[in-house]
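Me: I should like to learn how to read pockets, confidence and burial in a model of this kind. Please take me through the features one at a time.

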Amino acid sequence: MNVIDWIGITLAGIGTIGVGAGGEEQEASSVSIFQLPWLAFLVALLFVVLNGWLRVYRHQRRAHEMMDYEVVEEIIYGLESGILFGMASVISKMGFVFLEQGFSRMLVPICVSISICCSATGFYYQTQGLKHGRAIVVSTCAAVASIVTGVLAGMLALGEQLPSAPTARFSLLLGWLFIVVGVILLVSSTWLLRHLPLRRFIRINVDRNFSLSRSGSLRLKDSNPTAVIHAATLHHLISSPSKEKA
């Protein structure tokens, strides 16, 4: 974890809190049946793009014979699991909204079953990310994607609206901005370290610490010959009287 990774994770965490703080109680929502196919299409298209992106990075990693996971792979696994977690919550709520609108009661167990399948698949993707990647990156991206997916899917499928209060709306939009900036920093942290002067500053500090530790070790090494010389001198002084007696 470098400095830019920590900044990105912090911004994403603050943005998540801002999105949660910007929520407000809303009236009874109604499911827009005509929007459901569009929602399913967008989610499927997003997964196709993410999986294609993941395969490209896997191919690049194998071509360069790199064993460590790239940060993009960790982010993709976190985003995929978070999207599924968010969709699971929306689909679960959708079944109860259908029941309130007078639809068949069979839609409730059907929606709950689909929600459980989405959650199980989300845990699979998250486990794949945690298996080889860093837990803090995967978990942060999963939490961010879950909240953003829940908000956007709720607005598209359940007819939910943005907060009416200016403060709550500003908090929500600012939280989204922090989340987007945080994810961008996580994706491009390696590139930024290569091109920003921050890397030179870190390298100077590392070299300075290394030189200080090396000089300290040299001082400790220099004390050993002195001890050896003193021991040899002491041995010569002890052995010299015995030679005179002989």
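The dialogue below treats confidence, the pocket and two residues in turn.

Me: What should be known about the model beforehand?

Reply: This is a predicted model, in which local features need pLDDT of at least 70 and side-chain atom pairs count only at pLDDT 80 or more, while totals for chains, interfaces and linings use all residues. Residues are numbered from 1 along each chain as its sequence is written, and side-chain values use heavy atoms, with hydrogens and water left out.

Me: Which elements have the lowest and the highest mean pLDDT?

Reply: pLDDT is the predictor's confidence in each residue, from 0 to 100. The protein chain averages 75, and 72% of the residues score at least 70. Among the elements (helices, H or I, of at least four residues and strands, E, of at least two, as DSSP runs numbered from the N terminus), helix 8 (residues 198-245) has the lowest mean, 52, and helix 4 (residues 107-132) the highest, 89. Over residues 217-229 pLDDT stays under 50, and the model has 0 contacts (heavy atoms within 4.5 Å) there beyond four places in sequence.

Me: What volume does the largest pocket have, and which helix gives the most to its lining?

Reply: Rolling a probe the size of a water molecule over the atoms shows where empty space is left. On a 1 Å grid over the protein atoms alone, a pocket is an open set of points where a 1.4 Å probe fits, with protein on both sides within 12 Å along at least five of seven lines; lining residues have an atom within 4 Å of a point. Here the largest pocket has a volume of about 490 Å³, volume being the space filled by probe spheres set on the points, which are joined across faces, edges and corners. Of its 20 lining residues, Leu46, Ile83, Val148, Thr149 and Leu152 lie nearest the centre. Helix 5 gives the most to this lining, with 7 residues.

Me: Is glutamate 80 buried or exposed?

Reply: Buried means under 20% relative accessible area, exposed over 50%, and partly exposed in between (1.4 Å probe, protein chains only). Glutamate 80, placed in helix 3, is buried because its relative accessible area is 0%. Leaving aside neighbours within four places in sequence, glutamate 80 contacts Phe47, Leu50, Asn51 and Tyr125.

Me: Where does aspartate 5 lie?

Reply: Aspartate 5 lies in helix 1 (residues 3-21) and counts as buried at 2% relative accessibility. Beyond its neighbours within four places in sequence, aspartate 5 is in contact with Arg134, Leu186 and Ser189.
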